[in-house]
Amino acid sequence: MSSEGAHLRDQVLAMDAVPLIIETVDKMDESELISVGSWALTNLCRGTPKPEYFAIALALCPIARMVISMNSTDVLMNCCWALTNFSD
């Protein structure tokens, strides 16, 4: 839903989705589910206009942790896209 445009993304962010996704990803052991969580965070960090920094800032540290600790190419790719979106 959040990848369907900035308006829907902003609605998802307004519902505090980032902390819920982070909490869920932190509890996961299966790499496929972590990949889905990293994909969801990436979608919340992208778009035009850019999301408000304060709405996505909580995702920065968990995304960086995933880059360091995960061996999954999918997770690494999602996290790198998210970090790219942060830096724009």
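Analyst: Helices here are DSSP runs of H or I with at least four residues, numbered from the N terminus. Keep in mind that the model is predicted. With that numbering, lysine 50 sits in the loop between helix 3 and helix 4.

User: What makes lysine 50 partly exposed?

Analyst: Its relative accessible area is 38%. Buried would need under 20% and exposed over 50%, so lysine 50, at 38%, lands in the class in between.

User: Which residues does lysine 50 touch, not counting those up to four places away in sequence?

Analyst: Those are Arg9, Asn85 and Asp88. Contact means heavy atoms within 4.5 Å. There's also a C-alpha separation to look at: lysine 50 and alanine 6 are 44 residues apart along the chain, with their C-alpha atoms separated by 7.9 Å.

User: What kind of peptide bond joins threonine 48 and proline 49?

Analyst: A cis one, with omega about 0 degrees. Proline 49 is in the loop between helix 3 and helix 4.

User: What is notable about phi of aspartate 16?

Analyst: Phi is near 60 degrees there, which is a positive value in a residue other than glycine. You'll find aspartate 16 in the loop between helix 1 (6-14) and helix 2.

User: On to helix packing. Why are helix 2 and helix 3 called roughly antiparallel?

Analyst: Helix 2 (residues 17-27) packs on helix 3 at about 160 degrees, with the axes 10 Å apart. Angles over 145 count as roughly antiparallel, so helix 2 gets that label relative to helix 3. The crossing of this pair is left-handed.

User: What does the contact of helix 2 with helix 3 have by class?

Analyst: From helix 2 come Ala17, Val18, Ile21, Ile22 and Val25, and they meet Ile34, Gly37, Ala40, Leu41 and Leu44 of helix 3. That gives nine nonpolar, one polar and no charged residues. Gly counts as polar in this scheme, so Gly37 is the polar residue here.

User: How do you know that helix 3 and helix 6 are roughly parallel?

Analyst: Their axes are 9 Å apart and the angle is about 15 degrees. The cut-off for roughly parallel is under 35 degrees, so helix 3 and helix 6 qualify. Helix 3 passes helix 6 in a left-handed crossing.

User: Which residues meet there, between helix 3 and helix 6?

Analyst: On the helix 3 side it's Ser31, Ile34, Ser35, Ser38, Trp39 and Thr42, and on the helix 6 side Asp74, Val75, Asn78, Cys79, Trp81, Ala82 and Asn85. They divide into six nonpolar, six polar and one charged. Asp belongs to the charged class, so Asp74 is the charged one.

User: How do you know that serine 38 counts as buried?

Analyst: Serine 38 has 2% relative accessibility, and buried means under 20%. This residue is in helix 3. Outside its sequence neighbours up to four places away, serine 38 touches Met66, Val75, Asn78 and Cys79.

User: And what makes serine 35 buried?

Analyst: The cut-off is under 20%, and serine 35 has a relative accessible area of 15%. Serine 35 is in helix 3 too, and beyond four places in sequence its contacts are Asp74, Val75 and Asn78.

User: Why are helix 5 and helix 6 called oblique?

Analyst: Helix 5 (residues 60-69) and helix 6 pack at about 140 degrees, with axes 9 Å apart. Roughly antiparallel needs over 145, and roughly perpendicular runs from 65 to 115. An angle of about 140 fits neither, so the pair is oblique. Their crossing is left-handed.

User: What does that contact of helix 5 with helix 6 have by class?

Analyst: Leu60, Ile63, Met66 and Val67 of helix 5 meet Val75, Leu76, Cys79, Ala82, Leu83 and Phe86 of helix 6. By class that's 10 nonpolar, no polar and no charged residues.

User: Phenylalanine 86 also forms an aromatic pair with tyrosine 53. What makes that pair edge-to-face?

Analyst: The ring centres are 6.3 Å apart and the planes are at 75 degrees. Pairing needs centres within 6.5 Å, and over 60 degrees counts as edge-to-face, so the tyrosine 53 and phenylalanine 86 rings pass both tests. Tyrosine 53 is in helix 4 (residues 53-56) and phenylalanine 86 in helix 6 (residues 73-87), so the pair ties together parts 33 residues apart in sequence. Phenylalanine 86 counts as buried, at 16% relative accessibility.

Methods: Residues numbered from 1 in each chain as written. Predicted model: local features only at pLDDT ≥ 70, side-chain atom pairs only at ≥ 80, totals over all residues. Heavy atoms only, no water. Phe/Tyr/Trp six-rings, centres within 6.5 Å; stacked < 30°, edge-to-face > 60°. Helix = DSSP H or I, 4+ residues; strand = E, 2+ residues; numbered from the N terminus. Buried < 20%, exposed > 50% of the residue type's maximum accessible area, 1.4 Å probe, protein only. Axes fitted to C-alpha atoms, helices over the stretch in contact; angles between N-to-C directions. Left-handed = near helix turned anticlockwise from the far one by under 90°.
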